[in-house]
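Open the model in your viewer and keep the sequence panel visible. The stops below go from one ligand to the next.

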Amino acid sequence: MGVEPNKAVAAWVDECARLCTPRSIVWCDGSEEERAQLTKVALESGELIELNQDKLPGCYLHRSAPNDVARTEKLTFICCPEKEDAGPTNNWMAPDEAYERLGGIFKGSMRDRTMYVVPFLMGSPSSQFSKVGFQVTDSVYAVLNLRIMTRMGAVAVEHLGDSEDFTRGLHCRADLNEERRFICHFPQDNTIWSVGSGYGGNALLSKKCLALRLASAYGRQEGWLAEHMLIVGLESPQGETTYIAAAFPSACGKTNMAMLVPSGRYEGWKVWTVGDDIAWIRPGKDGRLYAVNPEAGFFGVAPGTSARSNPSAMAMLHRDAIFTNVAEKKDGTVWWEGMEPPPEECTDWKGRPWTPASSETAAHPNSRFTVSIKQCPSYSEEWENPRGVPLSAILFGARRGGVIPLVYESYTWRHGVYMGATMASETTAAATGRVGVLRRDPFAMLPFCGYNMADYWRHWLDVGSGLKHPPRIYRVNWFRTEKDGRFLWPGFGENMRVLEWVISRCHGKGLAVETPIGYVPAPGAISVEGLDLSPGAMDRLFEIDHPGWISALESQTVLFDKFGDRLPQEMRQEHDALEKRLTLSYAGTRVERRRAPRTTVSAERHPPR
Ligand code: GTP
Ligand code: SPV
Ligand code: MN
């Protein structure tokens, strides 16, 4: 490659080679020639399948092993020296034990394989806050994905210079056996060892392993935040851009919101995509929070993506994309559930013939596309900005059939941290295990927080208390349903109606009503003009479900109790204050059912009562 690795890198790669004993070692430089060469190798081995190069130039299909289609949270470990520092929501393994157990699996695992060494940079080359990682891997698919997902090659080697400060990521698919699959993180060694999986977040170590799990631990030490958040800029017809970050659990709408195309009513508005999955957030000198997307591409959920739901995503998938576990049509193009009417016949994600009469889906529910952020029609030039974009609002959103209203605003930063900490969501196909089960997913970081979650909440409280101009904090829920299971809210481009209210609040204009749970939009503050909602839908979207909240409060206590003394007292205080407000208002509503809201407040925020 063009740039020589420094001594520390060379020594570490040498160690990896001695452990895995590959047939050969290839140092990757990120060049076009290399991409062509690696694509050829992957086509020959069957790791990639060529799609129709006239209709989809530069596009390829990858079919993963059927037992390796999603993140495996049960097999993901934080290996810090003390178990308590990983906390009750993480799996923990002692570092020595982890190195030994995984070392046994890595030993000789690349005997008849090539070992690729991939330098990559997370963040802008001109930022001192960017991080360099090296991934050693036996997967050409991983290399080609990293090439899209990160700034890969010489740029990373140059950024590192003589420094030893780089993440050491060792990855091998080994035999893809779940019994021998482990994804281990060693924050004290800046090291990740992942073995036995070739899939997404398990195998692209830049993403969840480095940019969330390790980075969250380093962010705590260094005074910043690594978050599972999209970053988007919303430009008004007057030319004012408001930046919002939003944490939604896996497969709960980040990619969609990041490249939202506003519905017709919002002509003149522009949406700018800065990131769709990960945000590194730092306080700026001006007392605001600034967010950077450290990645360079999207690894997005395919099913449900259509010209109607996400036209921007469809537009960027016509060239230079890798598709994983989608269906292939007869003409060598791709298909997945929800894209458009099903083809009469196609090949499913396992390579078998499929028709609409088949009992299984054609694409895997967690099938994905990998594509460069630069191909997104709403790509924001601010993606290059080493300082990041200033945040006016932070949204926490989850998949909830009930209880959580369409949108509400926190009273304060502290109340907002409590809202994020107590988020729960119905599980999705992005991780193995049952789908549709409600579980607590604080800050959408349950699978990604690299240290004790209680310390993480403490860190959020501390960061906020140092800010002169903290962003406002919201809960949103696009997924509240009718009794028959249909969504009450149309979602997607129509979410702009909710975001318009959020923006107007940030600029001191939008009207809100104070309720026990927080500020909700004043009647009429969210436009429903032109929407085909079922009768009473808005009332139900904002209904405060008292019994639902009371049982939520109980289960929050179960979560909080897990953390013992480490739980910040502020979380209990917010819990108790909410309980009190709900009890008082419930007593009121029993006397006067469905009483009109008590106070209409201006855009000013009050302290909670
Ligand atoms: P990860 O990449 O796993 O982190 O997921 P994500 O948070 O980026 O989720 P994504 O935007 O890919 O959406 C996941 C699924 O939710 C897709 O099937 C979408 O079609 C669906 N979805 C996204 N936004 C909405 C919405 O506003 N309403 C409804 N009903 N579904 C949505
Ligand atoms: C997620 O599950 O949140 C993802 C996909 O973004 S993966 O990279 O597999 O983690
Ligand atoms: Mn994600």
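**Stop 1: ligand 2**

Select arginine 71 together with ligand 2: an N or O atom in the side chain of this arginine is 3.0 Å from an oxygen atom of the ligand. Bear in mind throughout that this is a predicted model. Next add glycine 201, where a backbone N or O atom lies 2.8 Å from an oxygen atom of ligand 2. Then add histidine 228, which places a polar side-chain atom 3.2 Å from an oxygen atom of ligand 2. Ligand 2 on its own has 280 Å² of accessible area, and the protein covers 98% of that.

Now show the helices: H7 (200-203) and H8 (206-222) are the elements that give two or more residues to the shell around ligand 2. Residues around this ligand include Gly200, Lys207, Lys208, Ser250, Asp277, Phe299 and Phe448. By class, the shell of ligand 2 divides into five charged, four polar and three nonpolar residues.

Color the chain by domain. Where does ligand 2 lie with respect to domain 1 and domain 2? Domain 1 (7-47 + 71-222) and domain 2 (227-294 + 380-605) both give residues to its shell, so ligand 2 lies between them.

**Stop 2: the manganese ion**

Select ligand 3, the manganese ion, and show Lys208, His228 and Asp277 as sticks. These are the protein donors, through NZ, NE2 and OD respectively, at 2.1 to 2.4 Å from the ion. Lys208, His228 and Asp277 are also among the residues around ligand 2. In the sequence panel, the spacing of the donor residues reads K-x19-H-x48-D.

Trace the backbone at two of the donors. Histidine 228 is in the loop between strands E12 (225-227) and E13 (229-235), while aspartate 277 is in the loop between strands E15 (270-275) and E16 (279-283); the pair therefore ties together parts that are 49 residues apart in sequence.

Why is the arrangement around the manganese ion irregular? The six donor atoms subtend angles of 74 to 175°, which makes it so.

**Stop 3: ligand 1**

Keep aspartate 277 selected and add ligand 1. An N or O atom in the side chain of aspartate 277 is 3.1 Å from an oxygen atom of ligand 1. Arginine 399 has a side-chain N or O atom 3.2 Å from an oxygen atom of the ligand, and for the side chain of asparagine 495 the corresponding distance is 3.0 Å. The protein covers 92% of the 660 Å² of accessible area that ligand 1 has on its own.

Helix H9 (254-258) and strand E18 (297-301) are the elements that give two or more residues to this shell. H9 supplies the largest share, three residues. Of the 22 residues around ligand 1, the nearest are Ala251, Lys254, Thr255, Asn256 and Arg368. The shell has ten nonpolar, eight polar and four charged residues.

Finish with the domain coloring again. Domain 2 (227-294 + 380-605) and domain 3 (298-375) both give residues to the shell around ligand 1, so ligand 1 lies between these domains.

Conventions: Residues numbered from 1 in each chain as written. Chains lettered and ligands numbered in written order. Predicted model: local features only at pLDDT ≥ 70, side-chain atom pairs only at ≥ 80, totals over all residues. Heavy atoms only, no water. Near = heavy atom within 4 Å. Polar contact = N/O pair within 3.5 Å; in protein donor to acceptor, adjacent residues only side chain to side chain. Areas by Shrake-Rupley, 256 points an atom, 1.4 Å probe, with all protein chains shown as cover. Helix = DSSP H or I, 4+ residues; strand = E, 2+ residues; numbered from the N terminus. Nonpolar A, V, L, I, M, F, W, Y, C, P; charged D, E, K, R; others polar. Domains from an automatic or database assignment. Donors = N, O, S within 2.8 Å, 3.2 Å for Na, K, Ca; no water. Tetrahedral: all angles 85-135°; square planar, octahedral: opposite > 155°, others 65-115°.
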